[in-house]
Structure formats: C-alpha cells, structure tokens
Amino acid sequence: MKTTVDFEKERLSAGQKVGVINLGCARNLVDAQMMLGRLKKNGHRIVQAEEAQTVIVNTCSFIEESRKESIDTILDLIELKKKGKIKKVIVAGCLAQRYGKDLAQEFPDVDAFVGTPTLDRDNMPQQLQLTPRHFAYVKICESCFNACSFCAIPKIKGKFISRTIESIVREVKELDAQGVKEINIIGQDITAYGMDLYRQKSLARLLKELVRVTQNIEWIRLLYAFPSHVTDELIEVMAREPKICKYIDMPLQHISDHILKEQNRNITTQQTIELIQKIRRAMPRGFVRTTFITGLPGETPEDFEQMRAFVREFRFERVGVFVYSKEEGTLAAKMQKQVPEKTKKARLDMLMRDQQAISTDIQRSFVGRTLKVLIEEKEKDSVDTYIGRSEYDAPDVDGVVYVRSKSPLKAGDFALVLITDAYEYDLAGTTQ
C-alpha cells in the first residue's frame, strides 16, 4: 500500500489544490490534520473539498455502518472524477489500512490507498488544524493496550504507542500560545498512556504537567478512557485541578460478568461498580459519558436486563448505545450463540428509551444553575442568541447550550449562563 509520502512524490503535481473529507471520530480528524499539514508543507494548496482538484477521503472501518458510509463516499467521489469535476481521488484511513488491496481491485478509479499516518513518539506532529480556533484535539497515543474480543482496532492500528510527555507538552504550549481555550485529550485508550514508554500508567503525570504549563487553556477534557486502566491518582487529579473538566468518556460496553470475561474487558461487574462509585465520590457533579453494546455473542435476556438495571441505578449523564457489529478477524466473530439482528436492535431501543428518561431528568436539574459556557458561534439569523458548550459537553458528540446575551459574544469567549430551560439533550439560558 502506498503511503502519503509515496503518493505525493508520484501523483500530485506541485501547487495542486487538495481537499479532505473526514469520516469517523476525532482521532481520525487528527490524522486528517496531519496529512494536510504535510501536504501544505510540501507546497500544495489546501481548500474545501468542493473546490479541490484532488480529494482525500479519510475513512473509518470501526463498525459496519461506518464502513458503508466510507464506501458510499468513495463511490460519490469516483462519480465526480468521471464527470471531470475532480482529477484525483485518494482513499486514506482505517478502511484503506485494513482492506487496501481488496479496495484497489474493487475501485480501480481510485488513484491511491494510503492507510493511516504513523504517530511520531518524539516529535510534535505538523498539522493543519480543522477545528475552530478556540479548541483542539491532542492525540497522546495510538491503538489500544487491551484486546477486546469484539474489537478490530489493534489489528488495524497495530502495536500501542505513546508519545513522550515532552512532545505533548510542546504541542499544548503551542496551542496555548495561539489562544486555544479547550484541549481534548484523545487516543483509543488514553488511560493506558505511558504503559509502553514509561512502564506505568502516566496520564495523571501528564495532566499535572499540562496544567502547569498552560495559561490561556481553561478546559482540559479526557476522551476515551478504558475502565480497568483508570487509576486512583487520575481520579484525584481530575477532582483537584480546576482546568480539568469534570467529565470522562469511559466506554463500559456491558456489565454482565460472563460477557465482560468473554469479551476480554479485564474488569468485573463489582470492579466496575466500585469504579463508578469512586468517581462519583471524588466528583459529585462530574459527568460520566459511556457506551454500551447490545447483542454481544452469548448475551441472554437476563444479561440484557442486568445492563438495563445497571443503567437505571447509576443514571449516567451521557450514554451511547450500539448494536454489536461482527468484525472480521476478531474472536467474538467466531463465538457461538450470535444474537439475531432483530433482537440486538430491539434491545438497543429499550436501553435508549430508559436512558432518554434519565437524560431528561438530569437536564432538568440544571435549571436555575449557572454554568460556564464556551461560545462556539452565533445562532443563524438571530440577533442575540449564541450556541456554546458547558464543561459537560464534548465537541460534536454531546448537546449544546443556547445562550441569550445582550452583550455581543464571539467564538472562544466564556460566559456565565443562568440556565432557564432544559431539553432532552440541550440547555438554554441567559448571560449573567
């Protein structure tokens, strides 16, 4: 498979206009920023995809739905190429990394398949930022230290690798100097950070250093924590440091002991409960975002009801639910007692109905409280209404706060907002 550098040398003429379509998660977005940063350095003009001569689609292959979206996008770009609206199509990312040879045979009109960029352990990645100027994603590690039976990420991404603390600090200091207000720490498993490089879990140590060296950055958010890697020290640092959002994205996936064991999650039901209780004691107003999977192989009606009861008891502030996707090459794909698709989807609907009632109650509890809100943009066609996020809202995945303000606000401003209305996922209020 050709790399990004190979493709540049062989296929892209100097000064060519290049655009990117990014699919998937924030980790993919960072990969796209790295690709564009390299292309810009080498003299190419970076433009919107609709203005480009060459379009890069950065694909995702995490589950069947994301693979379908990637394939559909590739087909759309091939059609544009046939009509002469673009000259070249590059397929990058996880789908190309995993199925590059097969895709090359299936889509001969694609000019190159380039996989995923390699994370440099020691050097700060050169990126062209695609996020708004007031927030950024900082990838601190790549791949996953665990090997869950249902997940193909280690096969796609390879061996787990952490960047050095020095490299991450340099990147964050540069973002801080640029006036960024929020950084989102990302990786497939940020809580395993340092286990390869420093032989111990080092996220808490990294966070202490980032808090120390930043001045403009007011929010540091943690995304994609693995439950069995969350340490007491990490919880203590999160609770103590004002800059660290009282918010943790920690996919639990299930709560049944035998499912957790069979899916190699390396945590038990009781350990999971104790971890949630510990987080709640340390951060009484903290938010836990989590995900669950319905229909994992061997999931019985009793297992599912146990998960429903767990969700109702612990009342998670943010929950996403997915149906199990049978991933080629994983242990779970070979397991007996596969659950029918109809049953998986029915269970997802039930769990989401349970969570919607919980979410509504939690949202209503904000009415009358004052929240610090990071302004994202002015609402279209509005005179005095802006859209922002609280520390409990990660970019693109959570809700927003609608802010009415007599004084003008701009993207990147913080405002104290009295919450007056609550909806299923969003809030609304007025500035103080």
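In this predicted model, helix H3 covers residues 64-82. At 1.5 Å a residue, its 19 residues should span 27 Å. The end C-alpha atoms of H3 lie 27 Å apart, so the computed span agrees with the expected one. The buried residues of H3 are Ser-66, Arg-67, Ser-70, Thr-73, Ile-74, Leu-77 and Ile-78. Seen down the helix axis, these buried residues fall within an arc of 140 degrees, so they line one face of H3. The face turned away from that buried side carries the exposed residues Glu-65, Lys-68, Asp-76 and Lys-82. Several elements cover the buried residues of H3, including strand S1 (17-22) and strand S3 (54-59). Strand S4 (88-93) and helix H4 (94-106) are also among the covering elements. Just after H3, Gly-84 adopts a positive phi of about 80 degrees.

The cysteines were examined next. The model contains 0 disulfides. Cys-94 is in no disulfide, and the nearest cysteine sulfur, that of Cys-60, is 5.7 Å away. A disulfide requires two cysteine sulfur atoms within 2.5 Å, so the separation of 5.7 Å rules out a bond between Cys-94 and Cys-60. Cys-94 counts as buried, at 10% relative accessibility. For Cys-148, the closest cysteine sulfur is in Cys-144. The distance is 5.9 Å, which is too far for a bond. Cys-148 is buried, with a relative accessible area of 10%.

Cys-148 also appears among the contacts of Gln-263. Gln-263 sits in the loop between helix H9 (257-262) and helix H10 (269-282). Its relative accessibility is 1%, so Gln-263 counts as buried, the limit being under 20%. With neighbours within four places in sequence left aside, Gln-263 is in contact with Cys-148, Ser-149 and Phe-150, among others. The remaining contacts of Gln-263 are Leu-296, Pro-297, Ala-332 and Met-335.

A barrel was also identified. It is closed by 5 strands in the order S14-S15-S16-S18-S17. The pairing in this barrel is mixed. From one strand to the next, the twist averages 50 degrees. Strands of a sheet pair through backbone hydrogen bonds, either parallel or antiparallel. Within the barrel, strand S15 (residues 385-390) and strand S16 (residues 401-404) run antiparallel. They are joined by 4 bridges. In this pair, Thr-385 of S15 stands opposite Arg-404 in S16.

How values were computed
Residues numbered from 1 in each chain as written. Predicted model: local features only at pLDDT ≥ 70, side-chain atom pairs only at ≥ 80, totals over all residues. Heavy atoms only, no water. Buried < 20%, exposed > 50% of the residue type's maximum accessible area, 1.4 Å probe, protein only. Pairing = 2+ DSSP bridges. Helix = DSSP H or I, 4+ residues; strand = E, 2+ residues; numbered from the N terminus. Axes fitted to C-alpha atoms, helices over the stretch in contact; angles between N-to-C directions. Contact = heavy atoms within 4.5 Å. Expected span 1.5 Å × (residues − 1). Arc of directions from axis to C-beta.
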